[in-house]
Amino acid sequence: MPGNAVEIRGFTKRFGETVAVDNLTLDIYDGEIFGLLGPNGSGKTTTLLTIATVYKPSSGDILVYGHSVVREDYVVRKLIGIAFQEPKAMWVDKPWDLLIWHAKISGYSSSDARRVVREVMEELGLWEHRNKYFYQLSGGTRKKVELAKVLIQKPRLAILDEPTAQVDVITKHVLWDIIKKMRKQGTTIIIATNDMFEAEKVCERIGIIYKGRLRKVGSIEELKDAIPGGDIVEISVEEDVLGEAVLKDLSVYGRVEVSGNVLRVYMNKGEEKSLEILEYLRKRGISVKRIMIKEPTLDDVFMYVTGAKLRE
Ligand SMILES: Nc1ncnc2c1ncn2[C@@H]1O[C@H](COP(=O)(O)OP(=O)(O)OP(=O)(O)O)[C@@H](O)[C@H]1O
């Protein structure tokens, strides 16, 4: 059984009167891609920056591979790599120079640094931009430079704050594949995002955070199953034969609606239970034309657990 990469224990962070994160307790497993999903201002960046030892907790603690961000921040810093939400170029002002510098402080020799930086820049489609000034780069390209730092570093724990914000859709898919590859190579990854498609596409488990509080944690399946009547099973039958009796019998599975020859059942675990419904209809001599099982989206889950929309 994998251990925990990160153990967040009763973590609270205040900025003056603002409680940015309120008593957060959460485990992130070794080797997984974990998504912190929430709208702007929900506390994602504050959490990531505290794991990365940029902020100190107001109370509580966070352990990264067993090391406290409060007492052993110098150890934690060696274990993590972070791609910030807002890339900031430092005194070096071209991607090539910045990444070479980053490679060297990550422990590469000069020749290895040049090799690995070139490899990563080519993989991310950054090579043509290597000698441009930062102000000449698009927001998306700057985000790629941020991600490049982490790929070069190959940390045990990668912290990615909205890694594909401002990136076009095709590039998003490329970056998601690269993030998944990084995980296969053994890096644990935490992604903050407000993009439910990204969360669904990349993350193995998700924590929904809203107004500084963790509202729900689980795999996508678990989150969706948390909605009572979470799946929508839609069955079209050959003829208009769905009478009151069918409605009543099927109500054991959840809310049932009939319109014409279409039957809709709002239920949990639709994939499993729909087989029983098909069997029931077959026994009654009702022939089925088509069956569809629709899942609620993460947006639906977000709304269910917070009462708010992920995006206004
Ligand atoms: N350095 C700071 N000083 C004061 N308040 C802050 C600071 N950083 C964050 N906050 C406040 O804490 C709350 C959480 O912000 P945080 O940036 O962690 O949210 P987020 O979910 O990452 O949102 P975003 O995607 O907009 O960054 C917000 O109310 C924010 O205004």
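1. A small pairing makes a friendly place to start: Leu63 stands opposite Ser68 of strand S5. This is a predicted model, so please read every point below in that light. The two residues belong to a pairing in which strand S4, residues 59–64, runs antiparallel to S5, and two bridges join them.

2. Stepping back from that pair, S4 and S5 sit in an open sheet of four strands, ordered S2-S1-S4-S5, with antiparallel pairing. Its edge strands are S2 (18–29) and S5 (67–68), each of which pairs on one side only.

3. What lies across this four-stranded sheet? Helix H1, residues 44–51, lies across strand S1 (4–15), S2 and S4. The direction of H1 makes about 120° with that of S1. Keep H1 in mind, as this helix returns in point 5.

4. The other sheet to look at is open too, with six strands in the order S6-S7-S8-S3-S9-S10 and mixed pairing. Strand S6 (80–83) and strand S10 (213–218) are at the edges; each has a single partner strand, so one side of each lacks a neighbour in the sheet. From one strand to the next, the twist averages 15°. Within this sheet, strand S7 (residues 157–161) and strand S8 (residues 188–193) are paired in the parallel sense over five bridges, and Leu157 stands opposite Thr188 in S8.

5. Here H1 comes back: the helix packs on the six-stranded sheet, where it touches strand S3 (33–37), S6, S7, S8 and strand S9 (205–210). Its direction makes about 150° with that of S7. H1 is thus worth viewing from both sides, given that it also lies across S1, S2 and S4. Helix H5 is another one to check against this sheet, lying across S6 and S7 and running at about 170° to S6.

6. How do H5 and H6 cross? The axes of H5 (residues 139–153) and H6 (residues 169–184) come within 12 Å, with a crossing angle of roughly 15°. The two helices are therefore roughly parallel to each other, and H5 passes H6 in a left-handed crossing. On the H5 side, the residues that meet H6 are Lys144, Leu147, Val150 and Leu151; on the H6 side, they are Thr171, Leu175, Ile178 and Met182. By class, the contact residues are six nonpolar, one polar and one charged.

7. Helices H3 (residues 95–105) and H4 (residues 110–123) make a useful companion case. Their axes come within 9 Å and cross at roughly 125°, which makes H3 oblique to H4. The crossing is right-handed. H3 contributes Pro95, Trp96, Leu99, Ile100, Ala103 and Lys104 to the contact, while H4 contributes Ser110, Ala113, Arg114, Val116, Val117, Arg118 and Met121. These residues divide into nine nonpolar, one polar and three charged.

8. Finally, a word on the overall layout. Which domains does the chain have? The domain assignment gives domain 1 as 4–224 and domain 2 as 228–295. Taken over C-alpha atoms, the centres of domain 1 and domain 2 are separated by 44 Å.

Note on methods: Residues are numbered from 1 along each chain as its sequence is written. This is a predicted model: local features need pLDDT of at least 70, side-chain atom pairs count only at pLDDT 80 or more; totals for chains, interfaces and linings use all residues. Side-chain values use heavy atoms; hydrogens and water are left out. Two strands pair if DSSP finds at least two bridges between them. Contact means heavy atoms within 4.5 Å. Axes are lines fitted to C-alpha atoms, for helices over the stretch in contact, and angles run from 0 to 180 degrees between N-to-C directions. Domain bounds come from an automatic or database domain assignment. Angles under 35 degrees count as roughly parallel, over 145 as roughly antiparallel, 65 to 115 as roughly perpendicular and the rest as oblique. A crossing is left-handed if the near helix is turned anticlockwise from the far one by less than a right angle, and right-handed if clockwise. Ala, Val, Leu, Ile, Met, Phe, Trp, Tyr, Cys and Pro count as nonpolar, Asp, Glu, Lys and Arg as charged, and the others, Gly among them, as polar.
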